[in-house]
Amino acid sequence: MWLFSQSGINNVNIDIALEAKGKGMKVVVFGSAAEAEGKKTRHSSGKNIFEIADIVVDTCAPIEDASVSIENHVDKIGPVSTMAFITCVWMTVTTVAEILVERGVKLYIHPSHNAPGAGDSKARLDEALAVYKERIKGV
């Protein structure tokens, strides 16, 4: 189970993490782990989500999830957690893809139809979709 929590202290994500672990699932949490260290959890377990996770991916985003100071204002604006989450997810996906290829697994990748020279992209997409439909048959 992949969960995303900037601060790691809120009840819903912690409940989901605990339920997933209770069902034997591995829990991977993306969030601002180092920044959240020492912050008081809101959960009755007394734990934050990073303490529950099997794997933590620290996005290194600021805990207040804002990046730009504005003159004459206390609070910053410009949240960065969404971009940090997306970047970390795609880094994880591409790393896993590289590992799978090293192990000899054929990947079925959704090709871009906008890239120059992508004349056969439709055929590659059709092949990927056919394999996917076979894998999920009966679901």
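Strand β2 and strand β3 (residues 55-58) run parallel and are joined by four bridges. This pairing belongs to a predicted model, in which three strands form an open sheet with the order β1-β2-β3 and parallel pairing. The edge positions are taken by β1 and β3, each of which pairs on one side only. From one strand to the next, the twist averages 20°.

**Pairing within the sheet**

- Between β2 and β3, Val28 stands opposite Ile55 of β3.
- Gly31 has Asp58 as its bridge partner in β3.
- On the other pairing, strand β1 (residues 2-4) and β2 are parallel and share three bridges.
- Trp2 of β1 stands opposite Val28 in β2.
- Val28 is thus named in both pairings, opposite Trp2 and opposite Ile55 in β3.

**Strand β2 and its connection to β1**

- Strand β2 covers residues 28-31, and both of its faces are covered.
- Val28 and Phe30 lie on one side of β2, Val29 and Gly31 on the other, and all four of these residues are buried.
- Two of these buried residues, Val28 and Gly31, have partners in β3: Ile55 stands opposite Val28, and Asp58 is the bridge partner of Gly31.
- Helix α1 (residues 11-22) combines with β1 and β2 in a β-α-β unit, and this unit is right-handed.

**Nonpolar surface patch**

- A nonpolar patch on the surface is formed by Trp2, Phe4, Ile86, Trp90 and Val93, which together have about 490 Å² of accessible area.
- Two elements, β1 and α4 (81-102), give two or more residues each to the nonpolar patch.
- Helix α4 supplies the largest share of the nonpolar patch, with three residues.

**Trp2 in the sheet and at the surface**

- Trp2 is found in strand β1, which is one of the edge strands of the sheet.
- Trp2 counts as partly exposed because its relative accessibility is 39%, a value between the 20% limit for buried and the 50% limit for exposed residues.
- Trp2 therefore is not classed as buried, whereas Val28, the residue it stands opposite in β2, is buried.
- Trp2 also takes part in the nonpolar surface patch, alongside Phe4, Ile86, Trp90 and Val93.

How values were computed:
Residues numbered from 1 in each chain as written. Predicted model: local features only at pLDDT ≥ 70, side-chain atom pairs only at ≥ 80, totals over all residues. Heavy atoms only, no water. Buried < 20%, exposed > 50% of the residue type's maximum accessible area, 1.4 Å probe, protein only. Pairing = 2+ DSSP bridges. Right-handed = clockwise from strand over helix to strand, strands pointing away. Axes fitted to C-alpha atoms, helices over the stretch in contact; angles between N-to-C directions. Patch = residues over 30% accessible without salt bridge, like charges linked within 9 Å, V, L, I, M, F, W, Y side chains within 5 Å. Areas by Shrake-Rupley, 256 points an atom, 1.4 Å probe, with all protein chains shown as cover. Salt bridge = Lys/Arg side-chain N within 4 Å of Asp/Glu carboxyl O.
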